[in-house]
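Thanks for asking me to look at this one. Here are my notes, to be read with the model open beside you.

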Amino acid sequence: MSNNKNNFEGDLDEFVKKLFGNKKDSKTVKETTPKNEENLNASNSDHSSNKGPTPIKKTKKPLNIKQWVTSAIILTVVFATLIVVLANLYVVKENEYKVVRQFGEVVKYESEPGLHMKIPFIQSVTTLPSNLMTHDMTEEEISTKDKKRIIIDNYTIWRVTDPKALISNAGQLLNAENRMEELIYSALRTEFGQTDYGDIINEKTSERGSINDRVTQRVNELITSSNFGIEVIDVRIRRTDLPEENEQSVYTRMISERQSIAQKYLSEGDAAKQSGDAKTDQEVQVMLATANKEAAVIRSEGEAEAAQIYNAAYSKDPEFYSLFRTLESYKKTIGDETMIIIPSDSPYAKLLSGQIE
């Protein structure tokens with residue numbers, strides 16, 4: 001053992017020859033790095049204490065770098081192609097337009113739902129809605145025909161009809177909305193400038209409906225001439241308000257006008273009442289006069305008939321008639337407090353005193 005150790009320290013090749021006994025193994029040992037030699041020295045020192053031989057690891061085959069680079073390039077190209085294809089596919093949905101632009105210029109637009117593709121890096125896609133849209137307009141102050149200042153609040157229902165014309169002439173949807181709002185207020189100023197304030201707020205004779213129709217027609221004419229690619233379906237006035245500084249004066253004037261109208265109605269009512277009362281009184285007087293006349297005629301006829309009856313009856317017994325007349329006179333001349341002074345020898349006194357039977 002001591003001799004092998006000395007030989008190892010002196011000559012590594014001799015130690016390997018003695019240990020393995022062939023040149024092939026010694027050649028493999030020679031190709032090891034200095035670091036491996038140190039490890040081998042350490043292992044041999046341990047081997048000197050162990051009786052078995054130490055196995056030597058075989059080297060791995062070198063990697064084929066060229067093959068790996070080629071595979072990586074192919075995978076990269078395939079992946080990049082897939083990304084480019086997917087990035088240039090676009091989907092057209094319901095109720096929307098897809099506008100394809102090439103170098104900023106519109107070349108086409110798609111409105112049918114489906115999957116489409118654009119040219120990579122050259123064309124771009126812009127989305128525009130194709131359904132009906134509502135645009136709430138900002139409040140504006142407008143003068144009426146009678147120089148009244150009112151604040152108009154309205155809304156508009158509209159849609160895109162030609163995306164190519166919209167992009168070419170308006171640039172984007174917001175610009176088209178702003179231009180549409182300007183045209184609507186221009187038409188509203190023209191219409192309200194020809195209408196009195198009372199005709200606008202009066203519920204019975206309000207002209208809001210006809211104003212809305214005329215404004216819609218006028219705005220569509222202006223939009224068509226400008227070729228903005230949009231259509232206004234309807235313009236509606238939501239409410240009309242007065243400026244704050246004019247509200248109180250207008251309210252006061254409205255109250256005064258309503259009071260004047262109420263007073264006029266009251267006066268007309270009083271006049272109609274008096275006329276009706278006078279006519280009724282006249283009719284009553286005529287009816288009473290006619291009734292009195294008829295009653296007088298009937299009464300006179302009755303009295304005449306009664307006189308005839310009395311005469312016929314009295315002529316049959318004059319003495320009874322005389323007595324009856326005397327008794328009738330008693331009813332009228334003698335009362336509860338009546339004082340009668342007559343001679344005691346008069347027939348009337350004798351009759352009252354019972355001297356005459």
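The points below go from the whole chain to the core and then to one residue.

1. A word on the basis: this is a predicted model, where local features need pLDDT of at least 70, side-chain atom pairs count only at pLDDT 80 or more, and totals for chains, interfaces and linings use all residues. Residues are numbered from 1 along each chain as its sequence is written, and side-chain values use heavy atoms, with hydrogens and water left out.

2. The protein has 12 helices and 9 strands (DSSP runs numbered from the N terminus: H or I of at least four residues for helices, E of at least two for strands). Of its 357 residues, 20% are buried, meaning under 20% relative accessible area with a 1.4 Å probe, protein chains only.

3. Contacts (heavy atoms within 4.5 Å) with a separation of 6 or more come to 62% from residues 24 or more positions apart.

4. The largest nonpolar core (buried Ala, Val, Leu, Ile, Met, Phe, Trp, Tyr and Cys joined through side-chain atoms within 4.5 Å) holds 34 residues, and Leu188, Phe192 and Ile230 touch the most other members. Helix α7 (173-192) is among the elements giving two or more residues, as is β9 (230-241); α7 gives the most, with 8.

5. Ile230 touches, among residues over four places away in sequence, Trp158, Val160, Leu166, Met180 and Ile223, to name some.

6. Do look at Asp234, in strand β9. Asp234 counts as buried because its relative accessibility is 17%. Beyond four places in sequence, Asp234 is in contact with Tyr155, Thr156, Ile157 and Thr216.

Terms used. Buried means under 20% relative accessible area, exposed over 50%, partly exposed in between (1.4 Å probe, protein chains only).
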